[in-house]
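This briefing is meant to be read alongside the sequence and the coordinates. Which charged, buried and bridging residues deserve a look is set out below, grouped by topic.

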Amino acid sequence: MKIGLLFVLIVFVAFLIFGRDAMKIALEGNSLKIYSKKCSVKIDVALEEEKSDVVDEVQIDRLFLRLPNRQSIVLERINLDPKHDFGMPYNELLSSLFQKKAQEIFAKNGMSIFQLDSFYVALFDKTKDDLVLLYPLDHEIVQALQECRSINWKKVQIPPVTLSKWDIKLIIMDGLIEKDI
């Protein structure tokens with residue numbers, strides 16, 4: 001009994017010391033920050049518009065942001081009821097939402113980047129029922145996120161914004177949501 005308790009205590013302390021160095025994304029004032037313990041990328045943005053929607057158990061909040069080069073991207077937060085979680089892999093989720101084949105090209109510390117034809121989507125996996133999407137991104141922004149460096153705004157060419165399409169069919173028939181048992 002004492003050995004088991006000691007083992008659990010050691011694992012808990014190791015987790016606290018080393019922790020999960022997950023990539024996070026936050027909008028603070030006029031700055032979009034993408035960061036972890038080892039990396040930080042800051043993007044100056046202006047909030048253009050906010051929209052929210054609820055589809056069954058899914059809360060979708062979209063922030064339309066203007067970049068320093070006057071192009072636009074979308075920061076989309078997806079929250080499920082805590083009694084549910086996502087029932088499909090993220091590449092299938094993004095393929096369904098954008099009606100394009102999504103291929104994962106990068107994954108590290110809770111951030112995955114997917115290519116969908118002419119644009120990229122950064123997915124931040126916060127919890128099993130809370131995701132953040134940042135899209136559409138171009139190759140220059142993706143490289144900056146992967147290499148943890150500043151973005152050369154002269155090279156950025158964002159494609160036109162194509163919004164994700166949330167509908168009840170995706171949730172019920174395609175199995176997006178499953179009960180967290």
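On the surface of this model, which is a predicted one, a patch of positive charge is formed by Lys24, Lys37, Lys38 and Lys108. Of the residues in this patch, Lys108 belongs to strand β8, which covers residues 103-108. The points below turn to the salt bridges, then to helix α2 and to a buried position in strand β2.

**Salt bridges**

- Across the whole structure, a search finds seven salt bridges, among them the pairs described here.
- Lys33 and Glu28 are joined through their side chains in a salt bridge with an N to O distance of 2.9 Å; Lys33 is partly exposed at a relative accessible area of 27%, and Glu28 is likewise classed as partly exposed, at 41% relative accessibility.
- A salt bridge is also made by the side chains of Lys51 and Glu49, with 3.7 Å from N to O, where Lys51 counts as partly exposed at 42% relative accessibility and Glu49 counts as partly exposed at 37%.
- The side chains of Lys100 and Asp117 form a salt bridge at 3.8 Å, N to O, and this pair links distant parts of the chain, 17 residues apart, with Lys100 in the loop between α2 and β8 and Asp117 in the loop between β9 (111-116) and β10 (119-127).
- Within that pair, Lys100 is partly exposed with a relative accessible area of 25%, whereas Asp117 counts as exposed at 53% relative accessibility.
- Glu140, Glu147 and Arg149 are joined into one network by salt bridges that share partners.

**Helix α2 and the residue that follows**

- In helix α2, which spans residues 90-98, the buried residues are Leu93, Leu94, Leu97 and Phe98.
- Viewed down the axis of α2, these buried residues fall within an arc of 110 degrees, and they therefore line one face of the helix.
- The spacing fits a general rule: an α-helix has 3.6 residues a turn, so residues three or four places apart point the same way.
- Gln99, just after α2, adopts a positive phi of about 55 degrees.

**A buried position in strand β2**

- Leu32 sits in strand β2, made up of residues 31-35, and Leu32 counts as buried because its relative accessibility is 0%, where buried means under 20%.
- Although Leu32 and Val45 are 13 residues apart along the chain, their C-alpha atoms are separated by 6.6 Å.

Notes: Residues numbered from 1 in each chain as written. Predicted model: local features only at pLDDT ≥ 70, side-chain atom pairs only at ≥ 80, totals over all residues. Heavy atoms only, no water. Buried < 20%, exposed > 50% of the residue type's maximum accessible area, 1.4 Å probe, protein only. Helix = DSSP H or I, 4+ residues; strand = E, 2+ residues; numbered from the N terminus. Arc of directions from axis to C-beta. Patch = residues over 30% accessible without salt bridge, like charges linked within 9 Å, V, L, I, M, F, W, Y side chains within 5 Å. Areas by Shrake-Rupley, 256 points an atom, 1.4 Å probe, with all protein chains shown as cover. Salt bridge = Lys/Arg side-chain N within 4 Å of Asp/Glu carboxyl O. Lys, Arg positive; Asp, Glu negative; His and termini not counted. Charge placed at Lys NZ, Arg CZ, Asp CG, Glu CD.
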